[in-house]
Amino acid sequence: MNDDQAILVKLQAEGRLRTIPLIRHDGPWILAGGNRLLNLSSNDYLGLAARADWTRSFLDSEEARGCRFSSSSSRLLTGNCEACEAFEADLASDLGHEAALLFNSGYHANTGILPALAGKHDLILADKLVHASLIDGLRLTEAPYKRFRHNDYDQLERLLETEAKDHGRVFVVVESVYSMDGDTAELPRLVGLKRRFPNVLLYVDEAHAIGVRGRRGLGLAEEQGCLPDVDFLVGTLGKALASMGAYVACSKMAREVLVNKSRPLIFSTALPPLLVAWSHFVWRRLGAMEAERRRLAHLAQTLAETLRGWGGETSRSHIVPWIVGGNEATVRLADALRRKGFYCLPVRPPTVPLGTARLRFSLTAHLPDEDFGRLRRTLEELQGNWRSTSVEFQSPSRGMSNLE
């Protein structure tokens with residue numbers, strides 16, 4: 001057995017072997033393996049990816065007719081376009097910042113921003129549960145970094161009290177809505193810490209909040225009243241906005257540093273102008289999606305109640321976990337849901353901490369009422385079976401414990 005085979009065998013034995021599914025989309029359903037399943041693993045939070053009327057309207061617009069399908073180059077060569085600059089201007093204005101900069105993906109943004117900005121005399125303090133892209137960004141920086149317990153701002157404050165004075169700048173890095181637990185950051189508390197320590201800069205990833213939180217859909221920072229107080233406000237365009245790419249809203253000077261030092265920006269072919277124009281088209285309509293945001297919040301609250309005691313109580317958003325614990329048990333539970341007509345993928349380590357494998361219900365505003373009711377009844381039935389037959393369930397309180 002060669003090394004590659006050994007890796008795959010080990011992953012299989014641990015219940016962590018991944019495969020890429022072949023599926024077709026049909027509104028809130030997917031077609032997979034000859035079955036039509038309700039899609040509960042999508043990031044299309046507002047249901048915009050299936051809005052054929054929006055697609056037709058955009059393709060008939062003047063903005064679309066003037067755009068190419070490929071940028072053909074990095075933005076620093078010949079890949080810049082009017083669509084990019086117009087969108088960035090609106091992003092900066094709407095988010096209350098001096099400037100904004102587009103990236104090809106959230107992963108590119110999170111692996112490109114901190115390494116470009118944080119030097120060896122700085123310090124990064126990151127929440128324990130930030131996304132893998134941010135963890136990779138930390139590893140690429142020259143700056144030392146520490147990770148504080150999830151949402152433990154008392155620990156963060158103690159770290160700032162002991163560490164801030166010994167470093168040039170301190171970057172505090174969090175997500176606004178956490179992608180695996182569905183809980184949220186307390187941004188005003190973080191802004192208060194930033195004001196107390198003048199060398200602190202606040203970096204917030206709004207990937208799972210943009211479009212679905214706030215009165216205008218501008219994220220948790222808007223909802224919590226601190227849009228201009230976040231130094232680096234990062235968001236993605238491939239989730240609620242039904243497009244591709246990402247952005248950071250920041251100061252003009254920080255943008256210039258990123259243009260000169262952020263490797264994913266400098267060495268990647270830029271986003272296609274047509275796609276940038278589509279993102280801008282959707283962005284301008286976010287304010288009118290209040291009904292979708294209300295419905296999504298209602299669905300999320302209802303599902304969290306159904307899963308209370310099983311992990312749902314951790315959720316404060318449209319992402320609701322059922323924390324199982326063991327890998328194999330989680331896969332079995334996902335298979336049971338699939339047989340009932342629901343597509344909800346198991347999430348296992350290393351995506352989540354060891355012993356906290358789970359089903360991650362990722363809701364969208366266009367789930368039909370009848371199917372959503374059927375989902376709740378199915379979950380209640382599975383919970384009853386689980387209580388009577390399973391010895392592998394790991395309690396949410398233990399599964400959600402934070403590592404130092």
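Here are some notes on a few helices, aromatic rings and strands in this predicted model.

1. Let's start with helix α14, which covers residues 290-306. How far apart should its ends be? With 17 residues at 1.5 Å a residue, the expected span is 24 Å, and the end C-alpha atoms are 25 Å apart, so the two agree. Quite a few of the side chains here are tucked away: among the buried residues of α14 are Arg 293, Leu 296, Leu 299 and Ala 300. Further along, Thr 302, Leu 303, Ala 304 and Thr 306 are buried as well.

2. Now for the aromatic rings. A pair of rings is described by how far apart the centres are and by the angle between the planes. How many aromatic pairs are there? The count comes to nine. Take Phe 87 and Trp 283: the ring centres are 6.2 Å apart and the planes meet at 70°, which is over 60 degrees, so this pair is edge-to-face. The pair joins distant parts of the chain, since Phe 87 belongs to helix α5 (residues 82-94) and Trp 283 to helix α13 (residues 273-283), 196 residues apart. Buried or exposed? Both Phe 87 and Trp 283 are buried.

3. Compare that with Trp 278 and Phe 281. Their ring centres lie 5.6 Å apart and their planes are at 15°, which is under 30 degrees, so this pair is stacked. Both sit in helix α13, and because they are three residues apart, about one helical turn separates them. Trp 278 has a relative accessible area of 10%, so it is buried. Phe 281 also counts as buried, because its relative accessibility is 3%.

4. Don't stop at that pair, though. Ring pairs link Trp 278 and Phe 281 with Trp 54 and Phe 58 into a cluster. Phe 281 has a charged partner too: Arg 285 lies over the face of its ring, 3.6 Å from the ring centre. Elsewhere, Trp 29 has a similar visitor, with the charged end of Arg 36 sitting over its ring at 3.9 Å from the centre.

5. Last, have a look at the strands. In a sheet, strands pair through backbone hydrogen bonds, and the pairing can be parallel or antiparallel. Here, four strands form an open sheet in the order β1-β2-β3-β12, and the pairing is mixed. Which strands are at the edges? They are β1 (24-26) and β12 (342-343), each pairing on one side only. Strand β3 (residues 35-39) pairs with β12 in the parallel sense, over two bridges. You can find Leu 38 opposite Phe 342 in β12.

Key:
Residues numbered from 1 in each chain as written. Predicted model: local features only at pLDDT ≥ 70, side-chain atom pairs only at ≥ 80, totals over all residues. Heavy atoms only, no water. Expected span 1.5 Å × (residues − 1). Buried < 20%, exposed > 50% of the residue type's maximum accessible area, 1.4 Å probe, protein only. Phe/Tyr/Trp six-rings, centres within 6.5 Å; stacked < 30°, edge-to-face > 60°. Lys NZ or Arg CZ within 6 Å of the ring centre and 35° of its normal. Pairing = 2+ DSSP bridges.
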